[in-house]
Amino acid sequence: MKKWVVDDVMTAAVVSVPADAPYRSVVDLLVSQRFSAVPVVDLFGRVIGLVSEADLLRKIEYAGDEQPRVFDGRRRRGERAKATARTAVQLMSSPAVTVSNGTSIAAAARLMDKEGVKRLPVIDDLGRLMGIVSRGDLLKTHLRSDDEIRADVEDGVLRDFLAEECRSVQIAVSGGVVTLTGGVDRWSTTQMAERLTRQVAGVVDVVSKLTYQFDDRDATVVGLAYGIG
């Protein structure tokens with residue numbers, strides 16, 4: 001079964017700026033390209049930070065009021081400091097939240113949710129920028145056709161993991177919802193078929209109508225308890 005990773009959906013032709021890029025040029029870039037953020041890289045192409053529209057807006061938010069106040073916390077002091085920034089390295093949020101190439105799209109989605117970010121620079125094992133993946137990019141898997149999804153379930157789930165019973169299982173896909181019908185040998189096989197089908201990129205839901213001849217739930221529990229099966 002194909003494992004979809006960030007490399008499959010990311011934007012590879014990503015624009016970045018050097019650490020010494022002037023404030024105005026960063027603004028021009030974001031406005032002209034309709035970007036909401038841009039990675040900052042060093043001389044070796046390694047990601048050292050990210051400048052977002054929010055970072056740039058500090059200059060407007062704190063215009064004429066850049067001096068820290070007595071009760072300002074660390075976060076507010078950092079925001080005020082960006083109001084006087086002139087270059088990308090002074091503006092950027094660092095360290096940037098990044099993801100390594102080869103990371104699954106599910107892991108990337110969890111990281112975005114955990115960190116509260118809308119995009120992730122994709123880096124290689126040396127930290128060099130390879131692309132950028134956004135929330136919208138991760139959703140591209142749900143643009144796959146029903147025929148593509150059906151083929152993946154058939155080849156990547158049934159033939160790879162349930163080869164002995166694949167002929168007894170029928171697959172129907174409508175709007176990304178996969179319906180499995182037919183008969184298999186064991187209850188655990190129905191559970192495996194459903195679980196693996198849910199992992200296929202683009203699957204919205206799985207309706208399992210599979211029947212089984214042998215209920216091995218008790219055997220499965222015992223096997224797990226003793227580390228077998």
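## Contact between α8 and α9

Three residues of helix α8, V153, V157 and F161, meet M192, A193, L196 and T197 of helix α9. By class, the residues of this contact divide into 6 nonpolar, 1 polar and no charged. The structure described here is a predicted model.

Two packed helices are described by the angle between their axes and the distance between the axes. For α8 and α9, the axes come within 10 Å and cross at roughly 145 degrees. The crossing of α8 past α9 is right-handed.

## Overall make-up

The protein contains 10 helices and 9 strands. It has 229 residues, of which 37% count as buried. Among contacts with a separation of 6 or more, 58% are between residues 24 or more positions apart.

## Nonpolar cores

In soluble globular proteins, nonpolar side chains tend to be buried together. Here the largest nonpolar core has 17 residues, and I149, V153, I171, V178 and L180 are those with the most contacts inside it. Five elements each supply at least two residues of this core: α8 (146-161), β7 (169-174), β8 (177-186), α9 (187-198) and β9 (205-214). The largest share, 4 residues, comes from α8.

V153 belongs to this core and also takes part in the contact of α8 with α9. Leaving aside its neighbours within four places in sequence, V153 is in contact with L158, I171, V178, L180, T197 and V200. Apart from the largest core lies another, of 14 residues, with L30, V40, L56 and A88 among its members.

## Helix α6

Helix α6 covers residues 105-115, and I105, A108 and M112 are buried in it. Seen down the helix axis, the buried residues of α6 fall within an arc of 55 degrees, so they line one face of the helix. On the other side of α6, the residues R110, D113 and K114 are exposed.

Which elements cover the buried residues of α6? They include the helices α1 (6-9) and α7 (135-138), together with the strands β5 (119-123) and β6 (129-134). Just after α6 comes G116, which takes a positive phi of about 65 degrees.

## Strand β3 and helix α3

S52 lies in strand β3, which covers residues 47-52. Is S52 buried or exposed? Its relative accessibility is 16%, so S52 counts as buried, the cut-off for buried being under 20%. Leaving aside neighbours within four places in sequence, S52 is in contact with L30, S36 and A37. Of these contacts, L30 is also named among the residues of the 14-residue core.

Helix α3 covers residues 53-61 and includes A54. At 37% relative accessibility A54 counts as partly exposed, because that class lies between the 20% and 50% cut-offs. The C-alpha atom of A54 is separated by 9.9 Å from that of L91, and the two residues are 37 residues apart along the chain.

The buried residues of α3 are D55, L56 and R58. Around the axis they cover an arc of only 130 degrees, which puts them on the same side of α3. One of them, L56, is also among the residues of the 14-residue core.

Definitions and conventions: Residues are numbered from 1 along each chain as its sequence is written. This is a predicted model: local features need pLDDT of at least 70, side-chain atom pairs count only at pLDDT 80 or more; totals for chains, interfaces and linings use all residues. Side-chain values use heavy atoms; hydrogens and water are left out. A nonpolar core is a set of buried Ala, Val, Leu, Ile, Met, Phe, Trp, Tyr and Cys residues joined through side-chain atoms within 4.5 Å. Buried means under 20% relative accessible area, exposed over 50%, partly exposed in between (1.4 Å probe, protein chains only). Contact means heavy atoms within 4.5 Å. The arc is that of the directions from the helix axis to the C-beta atoms. Axes are lines fitted to C-alpha atoms, for helices over the stretch in contact, and angles run from 0 to 180 degrees between N-to-C directions. A crossing is left-handed if the near helix is turned anticlockwise from the far one by less than a right angle, and right-handed if clockwise. Ala, Val, Leu, Ile, Met, Phe, Trp, Tyr, Cys and Pro count as nonpolar, Asp, Glu, Lys and Arg as charged, and the others, Gly among them, as polar.
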